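Hi,

Here is the structure I promised to pass on. Have a look first, and my notes follow below.

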Amino acid sequence: MPLDKKIIEDANKSFLSGDYLIALKKYEELIKKEPTNSILWNNLGLAFLKLGKLNDALKAFEKANELKPNATLAQYHKCLILMREGKYQDASECCDKIISSKPNFTAAKVLKQRIENIIVANTKNKISTEETEETEEYYEEVVEYHCPECDAVIGENDVECKKCGAKFSEMQTNEIRGIANTTNQP
Ligand SMILES: [Zn+2]
């Protein structure tokens, strides 16, 4: 029996208030009830991200993809982690998977371009931080405003899909930056 969306929204609310540990626990509880719900795994991954647990996040996103091979968001989040870990080639291939299965998800194309830029910059042995900033701004502008999971129309600043409960905002680079900071902590 599908979960009441209200329960997912409740967990998402905890996430939005910054109670990531509580949100994490709630997602885990929900997953116990519905272990094959890829959206829950995606949201769990984001909570792990916020808590600086990159490996657990990666596993959660991979689980989401395993359950739903075209789980665009989870795949996308995985690509972001790979990029942040400096695995640019893997990150690029990760984006290819989205682009081939969901060509209208422009965020993946922009991310891919950004990764390719880094690869080129690396081979030239000069990464300009300013350049990266610019690309990120551009990237945020082109994030599409449909839920990648269910295609429902979403508002520009929405942080979750009202229809299916998927969390997708904050998935931009700021999220990953926050993680980069928290991983430095003991
Ligand atoms: Zn949706």
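Of the 186 residues in the protein chain, 37% are buried (20 or more other C-beta atoms within 10 Å of the residue's own; exposed is 12 or fewer, partly exposed is in between, and C-beta atoms are placed from the backbone). Bear in mind that this is a predicted model: local features need pLDDT of at least 70, side-chain atom pairs count only at pLDDT 80 or more, and totals for chains, interfaces and linings use all residues. Numbering starts from 1 along each chain as its sequence is written.

The protein chain has nine helices and zero strands (DSSP runs, H or I of at least four residues for helices, E of at least two for strands, numbered from the N terminus).

Now the inside. The largest nonpolar core (buried Ala, Val, Leu, Ile, Met, Phe, Trp, Tyr and Cys residues joined through C-beta atoms within 7 Å) holds 41 residues, and Tyr-27, Leu-44, Ala-47, Cys-79 and Cys-95 touch the most other members. Helices giving two or more residues to this core include H1 (5-16), H5 (72-84) and H7 (106-123). Setting aside neighbours within four places in sequence, Cys-79 is in contact with Ala-91, Cys-94, Cys-95 and Leu-111 (contact: C-beta atoms, placed from the backbone, within 7 Å).

H7 is worth a look too. Its buried residues are Ala-107, Ala-108, Leu-111, Lys-112, Arg-114 and Ile-115. Seen down the axis of H7, they fall within an arc of 165° (taken from the directions from the helix axis to the C-beta atoms), so they line one face of the helix. The face turned away from that buried side carries the exposed residues Val-120 and Thr-123.

Cheers

Conventions:
Contact = placed C-beta atoms within 7 Å.
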